Every structure is written in structure tokens, then in C-alpha cells.
Amino acid sequence: MENYKIVIIGGGPAGLAAAAAAKKAGEDSILILERDRELGGILNQCIHNGFGLHTFKEELTGPEYAGRFIKEVQDLGIEYRLDTMVLSISGDRVVTAMNRRDGMFQVQAGAVILAMGCRERPRGALNIPGYRPAGIYTAGTAQRLVNIEGFMPGREVVILGSGDIGLIMARRMTLEGAKVKVVAELMPYSGGLKRNIVQCLDDFGIPLKLSHTVVDIEGKQRVEGVTIAAVDGHGKPIPGTEEHYRCDTLLLSCGLIPENELSLSAGVELSPRHKGPVVNESLETSVPGIFACGNVLHVHDLVDYVSEEAANAGRHAAAYVQGVGRGEENVPGVEIVPGDGIGYTVPETVRANVMGDLLTIRFRVRGVYQNHFISVYFDDERVQHRKKQIVAPGEMEQVILQKKDLLAHPDLKKITICLEEA
């Protein structure tokens, strides 16, 4: 049995930022376990720019952004193991993993940071009728094939779903010479960032059809065409609205799911809303000493926010193994409740005496709202009221709580974040 104070599962942007922050917080015994052959995670295949505007105040590509954190981790002398698959995590923080060099091994961790990222929703979860021919890829798989493997998936493309990866691949496939016929989106709004809709679709004349879905796939050996149709308010196809597109490739960009099988093996409680662990203000899960950050916690829109959140997790994990705040574990937290128009909040609880001076609460809204206020209530008292011209599910929102405000309400039972009409 090996022993490390902090074991980080995942060497992507979240794991790297958490490791660097924990090291700077005075913890030397840190191990990163990464299943891929190199650090950097999904950013290695994201060769487009737009990363780092918040973190570094400059525009970087994905590999450049990851490279800065990889260099920092290496300069700090933090240990990592590549090509290493973590098999399970026990409730008492024993991590079981395996690789070619060490075989199967176990590590007793003082604290564990979950940073496994997320995965794409596959075709099998979408219930699309038709055969199962070649030429159907998730957008992330196509991105890896084009950007890393140098393989062109197809020449005539239809994309189902308007998540950010799908939007970016619409542009990428166009730049590589393919013809992207249409992007169909089941919801009445796009799931991606507004800037990606403009830069990846509008700038290239690619149509986006909202409230549409694929109702048929033609071809037995290879995709030969797809039929899309408009849907009603319940997501059911409307007869008579079918449109046929000849194509040889269908890309699926239908949502991301936090990768939480390992979290479940450790007994971590998952949120039914955002599908990631339920955490408190320290990003600690329901299992003491196990922390979560990045897309395994909830799917982010910007990697800059992943790094910021992960750095907080790293600092709190370091404080945990150093014994800071011990004795506060059983202090009940104030519940943070998503009110009207709010899909979820992260974190879900806050302990005023444990939190820092400021606490950022991130959340997504349930639909597109114009001219609404984002309001925060301490029980029945409204303490924040900020107007937004437009909010949409594709972009995360946030509110910031101050410690002094919570301490001024010692009998506070719940904090509610909601949308209110202007």
C-alpha cells in the first residue's frame, strides 16, 4: 500500500489546476493519476482558440492552455502517472488503479480530488430510428479524428445538437473542406455559447434549425442521408415537417454527462439536477476527504472557470489533510435552493464559519429569459437583485456571497437563487 496525502483522479485542466494549488498551499505529497498517455485531458484535441481570456488575459488554443498548467505541475515537481486506469475508490479513500509498469496497485490517500471530466451522450441514449451504419460519430470523437489522428470522417455532414463541441466541429469540418448541411437542435434554444453560434455557424452560413430533430437515418453500410423534422413543445416530431438531407456523416452533439462511476464506488451522493457530486462550500462531497471539481462536478462553459474552481478544491484538500477546520465537519450547512428559472446550483450547501471571505455560486438557468433579475434571498429577505438583459442555459451564471453577510444572519435556514421578471 502506497501513501500520499492527496491523490487526484484525472490529469486534465481540473486535475492540473487542483494539483498546483494544493502544492502552493504547502502540501508536498501529491499524486496525479491519468488514464491517457499524456497530461492535458480533452484540451489536447481542442486546437481552436478562445481559451485563457479570464485566466491569462490572452487568447490561447486548448493545447497552449493545457501546456501552461502542465509546465507548472512539472516545475513544482508534482508526481504523476500516465496510462493509469483507476478502478475504484473506497469510502476510506483507498484508490485502486493499474498500469503496465506497476500492475495493479493501491494508494491510501489523505484526501482525494475527483477530476475525471465528462463524456458525451452516445447515440444509444438518443433513440434515433434507422439502421446502424458507419458514419455516425459523436462530435468529440470526430474532433479527435480530425485534430489528432488526421482522419477526415466525411464530406457531407449533418449535425444533431448545438452543444459547443458540435458548433466548433461545424466550423472545423467546413475549414477541412466538408459541406455542413445543417445543425438541428431539439430544444428551442442552442446549448452552446453565443459567440460559438456567431463564429462557427453564422460566419460560415451554416443554418441552425431549433426545435428540430433527426427522425430517420438512411443507409445500411454507410450513412446515405438523414431526415429531420420539427418537434412540438413535448419534443415529439410534427408530421408533415420532414426535410431530407443527403449526407455521408452524422455528428452527435447532444449533451455532456459528468463521468461519475468512480464517485459512486466511493459512496458519493450525486445530484439529480447536474448529475455530479453534491458539494459544500469547500467543494467537499458527502464523503469526508473526497473533493470534486471541473466537469465531473458539473459541465462548465469555459475552461477558465474549471481552473478557478479546481484551484479552490486543491486548496481545500490541502487544508483538510493539514487538519485546518477539523471539528467543523458536523456543522450543518445552510441549504442553497434553486428557485424559479434556476436548474441547479454548485455548491448546494454553505457553512458560514468555514467559507472564505467570498463564495462564488455557479448555476445554469432552465430556459432563455430576457430582462430578468437574478435575485438572492436569505430566507424571505432579498439581499441581491441584479438585472440581466438575457440569460440562457448555454452560459453559466454566478452570484457571489460575502461571509460577513452570512454571519449577520446566524439563524439563516436557506438561501434561494431565482429569476424574477423586471
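The largest nonpolar core has 65 residues, a nonpolar core being a set of buried Ala, Val, Leu, Ile, Met, Phe, Trp, Tyr and Cys residues joined through side-chain atoms within 4.5 Å. Buried here means under 20% relative accessible area, exposed means over 50%, and partly exposed is whatever falls in between (1.4 Å probe, protein chains only). The residues with the most contacts inside this core are Ile 6, Ile 8, Ile 9, Leu 33, Ile 89 and Leu 114. Helix α7 (residues 303-321) gives the most to it, with nine residues; helices (H or I, at least four residues) and strands (E, at least two) are DSSP runs, numbered from the N terminus. The model is a predicted one: local features need pLDDT of at least 70, side-chain atom pairs count only at pLDDT 80 or more, and totals for chains, interfaces and linings use all residues. Residues are numbered from 1 along each chain as its sequence is written, and side-chain values use heavy atoms, with hydrogens and water left out.

Take Ile 6 from that core. Leaving aside neighbours within four places in sequence, Ile 6 is in contact (heavy atoms within 4.5 Å) with Ala 22, Glu 27, Ser 29, Ile 30, Leu 31, Ala 111, Ile 113, Ala 317, Ala 318 and Val 321.

Next come the strands around β8. Strand β1 (residues 2-9) runs parallel to strand β8 (residues 103-114), and the two share seven bridges; two strands count as paired if DSSP finds at least two bridges between them. Ile 9 sits opposite Leu 114 of β8, and both of these are among the residues with the most contacts inside the core. Strand β7 (residues 94-99) joins β8 too, this time antiparallel and through six bridges, with Val 94 partnered by Gln 108. Three residues separate β7 and β8, which form a hairpin. With strand β19 (residues 290-292), β8 is back to parallel pairing, over three bridges, and here Ile 113 has Phe 291 as its bridge partner.

Two open sheets can be described in much the same way. One has three strands in the order β14-β15-β16, with antiparallel pairing. Its edge strands, β14 (212-218) and β16 (243-246), each pair on one side only. Neighbouring strands in this sheet are turned by 25 degrees against each other on average, direction ignored; axes are lines fitted to C-alpha atoms, for helices over the stretch in contact, and angles run from 0 to 180 degrees between N-to-C directions. Six bridges hold β14 to strand β15 (residues 225-230) in antiparallel fashion, and Glu 218 is matched with Gly 225.

The other open sheet has three strands in the order β21-β23-β26, again with antiparallel pairing. Here β21 (342-346) and β26 (397-402) are the edge strands, each pairing on one side only. The twist averages 25 degrees from one strand to the next. Strand β23 (residues 358-365) is joined to β26 by six bridges, running antiparallel, and Leu 359 faces Leu 401 across that pairing.

Helix α5 (residues 194-201) has four buried residues to look at: Asn 196, Ile 197, Cys 200 and Leu 201. They cover an arc of only 105 degrees around the axis, so they end up on the same side of α5; the arc is that of the directions from the helix axis to the C-beta atoms. An α-helix has 3.6 residues a turn, so residues three or four places apart point the same way. The cover over the buried residues of α5 includes α4 (164-175), β12 (179-185) and β13 (208-210).

As for charged pairs, the structure holds 19 salt bridges, each a side-chain nitrogen of Lys or Arg within 4 Å of a carboxyl oxygen of Asp or Glu. One of them joins Glu 2 and Arg 81 (2.6 Å, N to O). It links distant parts of the chain, with Glu 2 in strand β1 and Arg 81 in strand β5 (residues 79-81), 79 residues apart. Glu 2 is partly exposed at 26% relative accessibility, while Arg 81 is buried at 8%. Both also belong to a salt-bridge network that links Glu 2, Glu 79, Arg 81, Arg 101 and Asp 102.

Glu 72 and Lys 24 form another salt bridge (2.3 Å, N to O). This one connects helix α2 (residues 62-75), home of Glu 72, with helix α1 (residues 13-24), home of Lys 24, 48 residues apart. Glu 72 is partly exposed at 22% relative accessible area, and Lys 24 is exposed at 59%.
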